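Biologist: I'd love a close look at the metal site in this protein, and then a walk outward to the contacts that hold the rest together. Could you take me through it at an unhurried pace?

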Amino acid sequence: MKSVNGNEIIQLFESWSPKKLACMPNDPIGLAIGTVNKEVTKVLVTLDVTLEVVEEAIAQGCELIIAHHPPIFRKLSNLRTDTPAGKLYEKCLKHDIAVYAAHTNLDVAQGGVNDLLADALQLENRKILEHTYSEQLMKLAVYVPTEYAETLRIALANAGAGQIGDYDTCSFTTAGEGRFRALDGANPFVGQIGEVNVEPEQKVEVVFPSSQKNRILKAMLNTHPYEEPAYDVWELALTAKEEGLGRIGTLQQPMTLQQFAEFVKVQLDVPCLRVVGDLQRTVSKVAVIGGDGNSYIAAVRRAGADVFVTGDIGFHMAQDAEVNGLSIVDPGHHVEKVMIKGVAEKMKVLCAKKKLPVQFIESQIHTEPFKFI
Ligand SMILES: [Zn+2]
């Protein structure tokens, strides 16, 4: 059977949840412990990395752990193995277990933590709550002999140019005449050396996100028949690829805040939660952010949500929300555990497409530090 290098797995993961989506300064994402430049057959997916989780990885024969919460969050001032954190790192290194963390980039990614939470709450008409990432759009105009224009348009579309909202393969074409004189040393596709040639050409225009510039130009240059294709590239005052944190959407049925809180308990599998607001009030528009959503209350109010589902809400935040008529359901930070199944399933699909024989195992260790009594 084909062996899989850990780098291939990480590349696939980052094609879905790239590091550039991280929206916290200095978020310690990426490879935290060990190396992925080795054969990997089994990957353990977990929310947190605790000693028990590392032991689970050893017992299951996993060479790699993918976690949401980075195992090294603050700079280390020592690497003692008589501290709980040090013991954890020691155990990983002794057993050659690599740990890779995808934190706020996985919150933002489409199909990541926030989408998984919105899925669990069955939110419809879903939108991003706060935009945190976008790319500048660029435009390419290329002049091509008429009979090659269609081949070029197809090559550009296949390379990802011409995506506008819910449309792809967008381009604009105008017909005209190209003029050129080939000089000594040239090898012209049409025309004679030293004579001005007039050629029926088309000008093909497409837009693309700036990160795709090299790929789009390469596709164009590889397809264009001329020795020296004429083209323009410029930056537009428009953005694309909008991504962001949190989701807002509507419930399938409006319900009272009390009913909604019960629904959240079941859907996010928590024994208890905290609620701010009038329990008899009807709610239908719901905003959700995994983890700690304290700093997004203003964004949630601006977006017009009836209720905000998030963890770690502080006392004064709750007081402010209450006076401002925003209801809050706080099921805790641990509900981000939805990522365990979500990431494992997504990665199974991505690896199956590439025919990579890797197993993804969902951690069974309960890492919620709180007990509810
Ligand atoms: Zn978190």
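Modeller: In this predicted model, the zinc ion has three protein donors: His69 through NE2, His333 through NE2 and Glu336 through OE. These donors lie 1.9 to 2.2 Å from the zinc ion. Along the chain, the donors follow the spacing H-x263-H-x2-E. His69 sits in the loop between β3 (64–67) and α3 (84–94), while His333 sits in the loop between β12 and α11 (338–353), so this pair ties together parts that are 264 residues apart in sequence. How exposed is each of the two histidines, His69 and His333? His69 counts as buried, because its relative accessibility is 17%, under the 20% cut-off. His333 has a relative accessible area of 26%, so it is partly exposed.

From His333 we can step along to α11, since the loop that holds His333 lies between β12 and α11. Helix α11 packs with helix α5 (residues 113–120), their axes 9 Å apart and at an angle of about 110°. That angle makes α5 roughly perpendicular to α11. On the α5 side, the contact is made by Val113, Leu116 and Leu117; on the α11 side, by Val338, Met339 and Gly342. Sorted by type, the residues of this contact are 5 nonpolar and 1 polar, with no charged residue.

Beyond the end of α11, the chain enters the loop between α11 and β13 (359–362), and that is the place of Lys355. Lys355 has a positive phi of about 55°, although it is not a glycine. It is exposed, with a relative accessible area of 68%. Another such backbone angle belongs to Asp312, whose phi is near 60°, again a positive value in a residue other than glycine. You will find Asp312 in the loop between β11 (307–311) and α10 (315–323). At 33% relative accessibility, Asp312 counts as partly exposed.

Now for the charged pairs. Side chains of opposite charge can pair when their charged atoms come close. How many salt bridges does the whole structure hold? A search finds 17, and a few of them are worth a visit.

Let's begin with Arg274 and Asp330, whose side chains meet in a salt bridge at 2.7 Å, N to O. Arg274 lies in strand β9 (residues 274–276) and Asp330 in strand β12 (residues 327–330), so the pair ties together parts that are 56 residues apart in sequence. Strand β12 is also one of the elements that flank the loop of His333, which links this bridge back to the topic of the zinc site. The two partners are not alike in exposure: Arg274 counts as partly exposed at 49% relative accessibility, whereas Asp330 counts as buried at 6%.

Salt bridges that share partners also join Asp115, Asp119, Arg126 and Arg247 into one network. Within that group, Arg126 forms a salt bridge with Asp119, and their closest N and O atoms are 2.8 Å apart. Arg126 is partly exposed, with a relative accessible area of 30%, and Asp119 is partly exposed too, at 42%.

The next bridge joins Arg302 to Glu130, with the closest N and O atoms 3.7 Å apart. Arg302 belongs to helix α9 (residues 297–302) and Glu130 to strand β5 (residues 124–145), so the pair ties together parts that are 172 residues apart in sequence. Arg302 counts as exposed at 63% relative accessibility, whereas Glu130 counts as partly exposed at 27%.

To finish, let's go to the beginning of the chain. Glu8 lies in helix α1 (residues 6–16) and counts as partly exposed at 29% relative accessibility. Leaving aside neighbours within four places in sequence, Glu8 is in contact with Lys2, Ser3 and Leu356. Glu8 and Asn37 are 29 residues apart in sequence and 9.1 Å apart in space, C-alpha to C-alpha. What about Ser17, in the loop between α1 and β1 (30–33): is Ser17 buried or exposed? At 0% relative accessibility, Ser17 counts as buried. Again leaving aside neighbours within four places in sequence, Ser17 is in contact with Asn105, Leu106 and Ala109.

How values were computed:
Residues are numbered from 1 along each chain as its sequence is written. This is a predicted model: local features need pLDDT of at least 70, side-chain atom pairs count only at pLDDT 80 or more; totals for chains, interfaces and linings use all residues. Side-chain values use heavy atoms; hydrogens and water are left out. Helices (H or I, at least four residues) and strands (E, at least two) are DSSP runs, numbered from the N terminus. Buried means under 20% relative accessible area, exposed over 50%, partly exposed in between (1.4 Å probe, protein chains only). Contact means heavy atoms within 4.5 Å. A salt bridge is a side-chain nitrogen of Lys or Arg within 4 Å of a carboxyl oxygen of Asp or Glu. Donors are N, O and S atoms within 2.8 Å of the metal (3.2 Å for Na, K and Ca); water is not among the atoms, so sites may look incomplete. Axes are lines fitted to C-alpha atoms, for helices over the stretch in contact, and angles run from 0 to 180 degrees between N-to-C directions. Angles under 35 degrees count as roughly parallel, over 145 as roughly antiparallel, 65 to 115 as roughly perpendicular and the rest as oblique. Ala, Val, Leu, Ile, Met, Phe, Trp, Tyr, Cys and Pro count as nonpolar, Asp, Glu, Lys and Arg as charged, and the others, Gly among them, as polar.
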